[in-house]
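Please open the model in your viewer and set it to a cartoon representation, with side chains ready to be switched on when a stop calls for them. The tour goes from the whole chain to selected side chains.

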Amino acid sequence: MKTIGAKIKELRNALGLSQEELAIEIETTSKSIQRYEAGTSQPESCMLVKLATYFDVSTDYLLGSSGYSNQIEEVKNKVIK
């Protein structure tokens with residue numbers, strides 16, 4: 001199962017964003033994004049909600065409680081449209 005950090009990185013890459021660009025969008029630092037993706041830090045609940053809202057996925061998905069393949073495909077389809 002993928003970690004929260006791996007999912008954040010994959011979603012960010014699916015949208016073609018740098019860590020800095022994502023950080024600006026969700027009002028945090030690029031260092032925080034780097035730490036989440038590396039697994040050295042976990043987002044707090046309010047940041048988890050911001051990430052889920054920004055990527056239009058559920059917090060359950062980010063936490064590993066729902067289907068991975070459906071969520072990532074939906075994000076990729078949004079980029080294509």
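What follows is a series of selections, each with a description of what is found there.

**The whole chain**

Begin with everything selected, keeping in mind that this is a predicted model. The protein chain comes to 6 helices and 0 strands, so that reading along the sequence gives the pattern α-α-α-α-α-α. If you colour by accessibility, buried residues account for 33% of the 81 residues, while the exposed surface of the chain is about 4,900 Å², of which carbon and sulfur atoms supply 49%. Among contacts between residues at least 6 apart in sequence, 49% join residues that are at least 24 apart.

**The nonpolar core**

Next, select Ile8, Leu11, Leu22, Leu51, Phe55, Val57 and Leu62, which are the residues with the most contacts inside the largest nonpolar core, a set of 19 residues. The elements giving two or more residues to this core are α1, α2, α3, α4 and α5, the last spanning residues 59–63, and the largest share, 5 residues, comes from α4.

Now keep Leu22 on display and ask which residues it is in contact with, once its neighbours within four places in sequence are left aside. They are Ile8, Arg12, Leu17, Ile33, Leu51, Tyr54 and Phe55.

**Helix α3 and its buried face**

Move to helix α3, residues 30–38, and show the side chains of Ser32, Ile33, Tyr36 and Glu37, which are the buried residues of this helix. Looking down the axis of α3, you should find these buried residues within an arc of 130°, so they line one face of the helix. With α1, α2 and α4 also displayed, you can see the elements against which the buried residues of α3 pack. Just after α3, select Gly39, whose phi is positive at about 80°.

**The salt bridges**

Side chains of opposite charge can pair when their charged atoms come close. How many salt bridges does a search of the whole structure find? The search finds 3, and each can be selected in turn.

Start with Arg12 and Glu37, whose side chains meet in a salt bridge at 2.6 Å from N to O. This pair links distant parts of the chain, with Arg12 in helix α1 (residues 4–14) and Glu37 in helix α3, 25 residues apart. Are these two partners buried or exposed? Arg12 is buried because its relative accessible area is 7%, and Glu37 is likewise buried because its relative accessible area is 14%, both values being under the 20% cut-off.

Then select Lys50 and Glu27, where the salt bridge has an N to O distance of 3.5 Å. Lys50 lies in helix α4 (residues 45–55) and Glu27 in the loop between α2 (19–25) and α3, so the pair ties together parts that are 23 residues apart in sequence. Lys50 counts as partly exposed because its relative accessibility is 33%, whereas Glu27, at 64% relative accessibility, counts as exposed.

Finish with Lys2 and Glu10, which form a salt bridge with their closest N and O atoms 3.1 Å apart. Lys2 counts as partly exposed, since its relative accessibility is 38%.

How values were computed
Residues are numbered from 1 along each chain as its sequence is written. This is a predicted model: local features need pLDDT of at least 70, side-chain atom pairs count only at pLDDT 80 or more; totals for chains, interfaces and linings use all residues. Side-chain values use heavy atoms; hydrogens and water are left out. A salt bridge is a side-chain nitrogen of Lys or Arg within 4 Å of a carboxyl oxygen of Asp or Glu. Buried means under 20% relative accessible area, exposed over 50%, partly exposed in between (1.4 Å probe, protein chains only). Helices (H or I, at least four residues) and strands (E, at least two) are DSSP runs, numbered from the N terminus. Contact means heavy atoms within 4.5 Å. Accessible areas come from the Shrake-Rupley method with a 1.4 Å probe; for residues, only the protein chains shown count as cover. The arc is that of the directions from the helix axis to the C-beta atoms. A nonpolar core is a set of buried Ala, Val, Leu, Ile, Met, Phe, Trp, Tyr and Cys residues joined through side-chain atoms within 4.5 Å.
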